[in-house]
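Thanks for sharing this one with me. Here are my notes, point by point, for you to follow with the structure open beside you.

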Amino acid sequence: MIVIRNETEKDYKTVEEITRKAFYNIYVPGCMEHYLVHIMRDHEDFIKELDFVIELDGKVIGNIMYTKAKLVDEAGEEKAILTFGPVSILPEYQRMGYGKQLMEHSFQKARQMGYDVVVIFGDPGNYVSRGFKSSSRYHICLPDGSYPTAMLAKELKENALDGRKWMYYDSPVMQVDEKEAKDYDDSLEKMEKKVLPCQEEFYILSHSCLSV
């Protein structure tokens with residue numbers, strides 16, 4: 001039986017362990033996503049109502065967490081939006097649809113809360129099936145004017161974005177201190193750090209931009 005519910009304090013350690021296992025050695029040797037989860041809950045931009053876990057037969061196997069972000073147009077007008085991440089599923093349950101269920105559940109709740117746009121950074125292959133498109137299609141760029149290949153946007157409400165050019169700003173909590181993250185990881189049960197081909201794939205994707 002599948003249950004999706006809000007995370008509670010008793011889930012904190014489990015969720016951090018799931019996040020660590022889901023991301024370890026995927027993008028770099030080791031990972032820092034579990035440290036982001038650890039510090040995110042106390043940040044003012046964290047949205048508790050959009051912090052969900054998914055249970056399979058009473059066992060928590062994944063989670064999704066959201067923070068506030070914003071778009072700023074060329075006239076300086078701001079628009080409050082969302083970003084999510086990490087979204088994590090235990091490795092042995094990945095590619096079975098549980099992450100999609102988590103996302104769709106959270107999208108529905110976000111709409112009910114009045115949010116109409118989500119911007120994320122991720123592999124397009126994992127998210128276009130959930131309605132995400134290149135941010136360039138919505139004229140959303142970074143403050144330096146670039147359109148990263150991995151920056152994706154989704155309208156939770158049709159025509160929420162009206163064709164204006166927007167600059168994207170995420171929450172300061174996303175700027176993780178690498179040393180603090182390493183120190184936190186070193187305090188946990190040891191996992192072997194490995195150099196894998198997927199890390200180079202991520203480097204290429206995360207450092208490439210679209211020509212618009």
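## Notes on the model

1. Let's begin inside the protein, keeping in mind that this is a predicted model. Leaving aside neighbours within four places in sequence, Ser106 is in contact with Leu50, Phe52, Ile64 and Tyr66. Ser106 itself belongs to helix H3, which covers residues 98-112. Its relative accessible area is 0%, so Ser106 is buried, because anything under 20% counts as buried. What does the side chain of Ser106 reach? It comes to 2.7 Å from the backbone oxygen of Met103.

2. Next, the charged pairs. How many salt bridges does a search of the whole structure find? The count is 14. A good one to look up joins the side chains of Glu7 and Arg41, with N to O at 2.9 Å. Glu7 sits in the loop between strand E1 (2-6) and helix H1 (12-23), while Arg41 sits in the loop between helix H2 (33-40) and strand E2 (52-56), so this pair ties together parts that are 34 residues apart in sequence. Both Glu7 and Arg41 are buried.

3. Another pair to find is Arg164 and Glu77, a salt bridge whose closest N and O atoms are 3.2 Å apart. Arg164 is in the loop between strand E8 (151-155) and strand E9 (166-169), and Glu77 is in the loop between strand E3 (59-73) and strand E4 (78-89), so the two tie together parts that are 87 residues apart in sequence. Are these residues buried, partly exposed or exposed? Arg164 has 29% relative accessibility and counts as partly exposed; Glu77, with a relative accessible area of 45%, is partly exposed too.

4. For a pair within one helix, turn to Asp186 and Lys182, where the closest N and O atoms of the salt bridge are 2.8 Å apart. Both residues lie in helix H5 (residues 178-186), with their positions 4 residues apart in the count, about one turn of the helix. Asp186 is partly exposed at 46% relative accessibility, and Lys182 is partly exposed at 45%. Elsewhere on your list, salt bridges that share partners join Arg5, Lys10, Asp11 and Glu55 into one network.

5. Now look at how two helices meet. H2 and H5 pack with their axes 9 Å apart, at an angle of about 100 degrees. That makes H2 roughly perpendicular to H5, because angles of 65 to 115 degrees count that way. Which residues make the contact? From H2 they are His34, Tyr35 and His38, and from H5 they are Glu180, Ala181, Tyr184 and Asp185. By type, the residues of this contact divide into 3 nonpolar, 2 polar and 2 charged.

6. Finally, some backbone details to check. Gly85 and Pro86 are joined by a cis peptide bond, with omega about 0 degrees, and Pro86 has its place in strand E4. Asn25 is not a glycine, yet its phi is positive, at about 70 degrees. Asn25 lies in the loop between H1 and H2 and counts as buried at 6% relative accessibility. Arg95 also has a positive phi, near 65 degrees, in a residue other than glycine. Arg95 is found in the loop between E4 and H3 and is exposed, with a relative accessible area of 77%.

Notes:
Residues numbered from 1 in each chain as written. Predicted model: local features only at pLDDT ≥ 70, side-chain atom pairs only at ≥ 80, totals over all residues. Heavy atoms only, no water. Buried < 20%, exposed > 50% of the residue type's maximum accessible area, 1.4 Å probe, protein only. Polar contact = N/O pair within 3.5 Å; in protein donor to acceptor, adjacent residues only side chain to side chain. Contact = heavy atoms within 4.5 Å. Salt bridge = Lys/Arg side-chain N within 4 Å of Asp/Glu carboxyl O. Axes fitted to C-alpha atoms, helices over the stretch in contact; angles between N-to-C directions. Parallel < 35°, antiparallel > 145°, perpendicular 65-115°, else oblique. Nonpolar A, V, L, I, M, F, W, Y, C, P; charged D, E, K, R; others polar.
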